[in-house]
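User: I should like to understand the terms used to describe a protein model. Could they be explained one at a time?

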Amino acid sequence: MPDLINLTIDGRAIQAAPGTSVIDAAKYAGIEVPAFCYYEGLTLAAACRMCLVEVEKMPKLMTACTLPVGEGMVVRTETPQVAEARKSMLEFLLSNHPLDCPVCDKGGECELQDMTFRYGAGESRFTETKIHVDEKQFSPVVFFDNPRCILCYRCVRICNEGMGVGALGVINRGAISEIAPNKGDHLECDECGMCIDICPVGALTSGIYRYHTRPWEMQHVGTICTYCSNGCKTTLGVRNDEIIRGNNRDRSGINGEFLCIKGRYAFDFYNHPERLQAPLVRVNGKLEEVSWSKALQTAAAKFNEVRGRNGKFGVIGSNHTSNEENYYLQKFARQVLGTGNIDHHRTGDVRTLLDALSGKMGKLATTADLYRKKAVLVIGADLALEQPFLSFQIRANYRHHQARVYVVTPEPVREDKYAAAGLRAAPGAELTAVESLRGRLRAEPELVIVYGDVLKGEDVRRLVDFGESLGIPVQYVCLVDGSNSRGAVDMGLLPDAGALALPDMLAAKDLEVLWVVGANPYASVVGQALSPANPFLVVHDLFLTETAQAADVVFPAASAYEKNGTVTNVCGEVQRLRKAVGAMGTKPDLEIMGLLAREMGVAAELGPWIPDTIFAEIRKQVPGYDVPLPVLEMGGAAQTAAVNGRLPLDGRPELIRSAHDNLFTAGTLGRYSKVLNSVVERHGYR
Ligand code: SF4
Ligand code: SF4
Ligand code: SF4
Ligand code: FES
């Protein structure tokens, strides 16, 4: 460790590593220096002069954000001269800033408003007419009100550096400088809203949130995004049982403040007008709305009748339902329905990886490891579009720690821009390309290998053999798709030996009941012959999907934002879902299954359908899930442990296939998000 530097800030003796800025040194010591353009993790702009401080022996005030600490330095942050400078800077910033706080979306959360209250002048000396520029809409998501902009360049930097997109820039000079989008009058970008979130004032505002409410009128519920497997925490702003916005400004959770368009804006599927609000039962060939008791009786009577004569059941679960729901479903199938015909849409070969690493500790990378390990190898995945948070982590690792990133993909990807090596490999040739990197990878001090569905079965074992032969610490991430794809595998939504897998169930000649909880398997087989046995089909879903349309009983299910429970992300990190709102007429899948069990008279065999009680059972029964509860209670992520012992594998890796949804698509759910459907990038974006 290099020698620490001793300095004094506001009379307090402080030690800091060489190269630390005065603003950071002050922050670590609990002294706040006001700033606008400075932003942790981004390059310095030195644009606002708000962070001016007095430094002994220096002739004028210095910007604390650009000044490195020096031995014996004496800094003062609260002198009359500093106060006067701050007041002047604010007066200057407000010289053209409209005083429209009462109608500005940022009101109550605006850094300029806060600073003006604390350090500003009571009145302005400017009497000149302000330069007015009409508000612009850069995209359905991003609006820009130029006069409010204080030209801190945070938006430009987060888009360029954080997102690796570079869609925002500055045009003109001086007083008429203006933030501008990359396509002249509009943006073509990730539509992530990171620029809006980071804007200290109300210059960039969100098309989804603007003019809806005030921050203090909402409750803020931290839960987990229901879209991809990365498991970002999203804090939903809720007013009158309505979700108004999503962000993660408190930086709690594994993703800090990162969210992609789905986690930040695409919650709007939840109140889509086509949302199912009552159970449906097929009567004379048509689905009709019925009461919950009628629907439960219909399904329970059929289940009991088929069960009573040992008829054949098939059960298909979901990549989006909670661990508790998946666990209860497989228990229901195996213990009550007596079937091992249970499966889900498998999106990555997690099982083979866990089996290949059996008994080895510390081999599974966390999302944090992608930010801090010295080297990362990405195989067969376009991370920026398909695994946005993982991509963000790796990019930040490169920017902050100069991590070496190696890429082996069929097409060019965003990671190529900064990769130490970017190789193109046709499907099936990935491991050969990886082998060509052996020499360089061996020279790395450590490595995280991230692979997509191009590698499965024996290829995963070959990859692990390769990794373990490098002679350096290697960790792995098996990419999967949905918010709980990993949990679906871990909870056992996989067929028993010799039992029917998902496609077998759809084609079976003798299946009597098919129970589909939160999935839409018929969407991918539309037009193809389904099971000639025409099983009694029971479906839980939010919408009347292709599968629900074919059903005999449909239960309207609650979404992830309407229930409690846990989910497991792509890196095996378990986090809590917290109920933010209720949707009229729906119930969580767990409750539906519990009520069905009660109606069938088998509830006692399955135990209470209470998420916490089931999670306690999961912690005891599911290998690796004995995670520390306090971490979850505090809103954190607890990684599941490595598995010790062999895992059952069904030996059909060909059934594993990612949907390769990108930033703007999301299977069935994405069809019902107005935001995802409104952006131009949906029709093509790289
Ligand atoms: S929405 Fe995201 S990608 Fe688009 S300009 Fe803003 S920061 Fe850049
Ligand atoms: S739009 Fe906001 S973030 Fe961008 S330069 Fe202006 S004030 Fe800063
Ligand atoms: S990266 Fe995935 S988990 Fe994170 S906000 Fe986007 S869709 Fe949600
Ligand atoms: S924060 Fe230092 S110049 Fe803006």
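Analyst: The following exchange takes up several terms in turn. This is a predicted model, in which local features need pLDDT of at least 70, side-chain atom pairs count only at pLDDT 80 or more, and totals for chains, interfaces and linings use all residues. Residues are numbered from 1 along each chain as its sequence is written, chains are lettered from A and ligands numbered from 1 in the order in which they are written, and side-chain values use heavy atoms, with hydrogens and water left out.

User: Why is R49 called partly exposed?

Analyst: Buried means under 20% relative accessible area and exposed over 50%, with partly exposed in between (1.4 Å probe, protein chains only). The relative accessibility of R49 is 38%, so R49 counts as partly exposed. R49 is placed in the loop between α1 (22-28) and β3 (52-55). Here helices (H or I, at least four residues) and strands (E, at least two) are DSSP runs, numbered from the N terminus.

User: What makes the phi of R49 worth a remark?

Analyst: Most residues other than glycine have a negative phi. The phi of R49 is near 60°, a positive value in a residue other than glycine.

User: Which class of exposure does R251 have?

Analyst: With a relative accessible area of 34%, R251 is partly exposed. R251 lies in the loop between β13 and α6, and its phi is positive, about 60°, although R251 is not a glycine.

User: Why are β11 and β13 said to stand at the edges?

Analyst: Two strands pair if DSSP finds at least two bridges between them. The order in this open sheet of three strands is β11-β12-β13, with antiparallel pairing. β11 (219-224) and β13 (242-247) each have a single partner strand, so one side of each is left without a neighbour in the sheet.

User: How do you know that β11 and β12 pair?

Analyst: Six bridges join β11 to β12 (residues 233-239), and the two strands run antiparallel. The pairing rule requires at least two bridges. Within this pair, I224 stands opposite K233 in β12.

User: What makes a residue part of the surroundings of ligand 1?

Analyst: A residue is near a molecule if one of its heavy atoms lies within 4 Å of it. Among the residues around ligand 1 are C159, C189, C192 and C195.

User: How many residues of each class are in the shell around ligand 1?

Analyst: Ala, Val, Leu, Ile, Met, Phe, Trp, Tyr, Cys and Pro count as nonpolar, Asp, Glu, Lys and Arg as charged, and the others, Gly among them, as polar. The shell around ligand 1 has seven nonpolar, one polar and two charged residues.
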